[in-house]
Amino acid sequence: MKTAATHAPFEARKDGFTISTDPARLDRDLVFRFLHEESYWSAGITRSFFERALDAGVNFGLYEPGGAQIGFARVATDFATLAHLADVFVLPGHRGQGLGRWLVATVLAHPRLQGLRRWTLTTDDAHALYSEFGFVAADPATQMQRLDADAHKREV
Ligand SMILES: CC(C)(COP(=O)(O)OP(=O)(O)OC[C@H]1O[C@@H](n2cnc3c(N)ncnc32)[C@H](O)[C@@H]1OP(=O)(O)O)[C@@H](O)C(=O)NCCC(=O)NCCS
């Protein structure tokens with residue numbers, strides 16, 4: 001059986017920019033640095049925790065025309081019942097020109113991520129962006145979670 005990593009990479013192009021799931025293109029050091037130092041949700045994440053998440057995910061790199069990576073998004077999924085969208089970012093110098101919106105649209109267009117029952121995500125402040133793609137607030141009467149908020153900072 002093919003795993004997420006062995007399927008042919010999915011790619012989208014626009015105005016010289018590329019979004020690709022090709023693991024060989026991914027700048028893991030850049031993604032780690034952003035999550036560890038600049039994200040509000042994964043500040044202090046350990047390298048081993050980060051690698052564990054990426055190894056099991058469908059990872060989307062966003063690349064500028066020169067080829068350097070300038071953004072990222074990750075999906076944790078079983079390809080049927082659920083998918084969780086996480087770690088979405090565009091580097092500061094490239095924000096505000098539609099790349100984040102295009103990145104989310106491209107994630108949702110991935111051929112293996114069609115027909116899923118439920119997409120989830122968590123966000124502190126980007127609700128407006130995701131609501132454009134049909135995301136709505138989860139129902140507190142039916143949704144539960146078990147959260148260890150600092151798990152990403154601990155070595156296992
Ligand atoms: C969120 C992020 C990926 C958007 O990337 P971007 O390339 O700037 O987004 P776009 O230019 O495509 O703009 C998308 C829309 O979402 C809005 N938006 C972007 N970030 C937002 C935020 N944090 N809160 C509210 N709205 C936001 C923009 O205003 C824009 O709407 P508009 O065109 O009506 O003005 C980028 O701001 C980022 O990396 N932020 C830091 C990391 C982060 O917060 N990630 C989201 C975690 S859930």
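A nonpolar core is a set of buried Ala, Val, Leu, Ile, Met, Phe, Trp, Tyr and Cys residues joined through C-beta atoms within 7 Å. The exercises below use this term on a predicted model.

**Exercise 1. Describe the overall build of the protein chain.**

Step 1. The chain holds four helices and six strands. Read from the N terminus, their order is β-β-α-α-β-β-β-α-β-α.

Step 2. The radius of gyration is 15 Å, close to the 15 Å that the globule rule gives for 156 residues, so the chain is as compact as a globular protein of that length.

Step 3. The C-alpha trace spans about 45 × 40 × 35 Å along its principal axes. Of the 156 residues, 21% are buried.

Step 4. Take the contacts between residues at least 6 apart in sequence: 55% of them join residues at least 24 apart.

**Exercise 2. Find the largest nonpolar core and state which elements build it.**

Step 1. This core has 21 residues, and L62, A73, L103 and V107 have the most contacts inside it.

Step 2. At least two core residues come from each of α1, β3 (58-63), β4, β5 and α3. The element that gives the most is β5, with five residues.

Step 3. Take L62 as an example. Leaving out residues up to four places away in sequence, L62 touches F17, I19, Q69, I70, G71, F72, V90, L99 and L103.

**Exercise 3. Determine which side of α1 and of α3 is buried, and what packs there.**

Step 1. Helix α1 (residues 28-38) has V31, F34 and L35 buried. These residues cover an arc of only 90° around the axis, which puts them on the same side of α1.

Step 2. On the face of α1 turned away from that buried side are the exposed residues D29, R33 and E37.

Step 3. The partners of the buried α1 residues are α2 (47-56), β4 (69-77) and β5.

Step 4. In α3, the buried residues are L99, L103, V104, T106 and V107. Their arc around the axis is only 160°, which puts them on the same side of α3.

Step 5. The buried residues of α3 pack against β1 (11-14), β2 (17-20), β3, β4, β5 and α4.

**Exercise 4. Characterise the surroundings of the ligand.**

Step 1. The ligand is surrounded by 15 residues, of which R95, G100, R101, T123 and L129 are the closest.

Step 2. By type, the shell contains seven nonpolar, five polar and three charged residues.

Step 3. β5 (82-90), α3 (99-109) and α4 (127-131) each supply at least two residues of this shell.

Terms used. Residues are numbered from 1 along each chain as its sequence is written. This is a predicted model: local features need pLDDT of at least 70, side-chain atom pairs count only at pLDDT 80 or more; totals for chains, interfaces and linings use all residues. A residue is near a molecule or strand if its C-beta atom, placed from the backbone, lies within 6 Å of it. Ala, Val, Leu, Ile, Met, Phe, Trp, Tyr, Cys and Pro count as nonpolar, Asp, Glu, Lys and Arg as charged, and the others, Gly among them, as polar. A residue is buried if 20 or more other C-beta atoms lie within 10 Å of its own, exposed if 12 or fewer, and partly exposed in between; C-beta atoms are placed from the backbone. The arc is that of the directions from the helix axis to the C-beta atoms. Two residues are in contact if their C-beta atoms, placed from the backbone, lie within 7 Å. The radius of gyration is taken over C-alpha atoms; the globule rule is 2.2 Å times the number of residues to the power 0.38.
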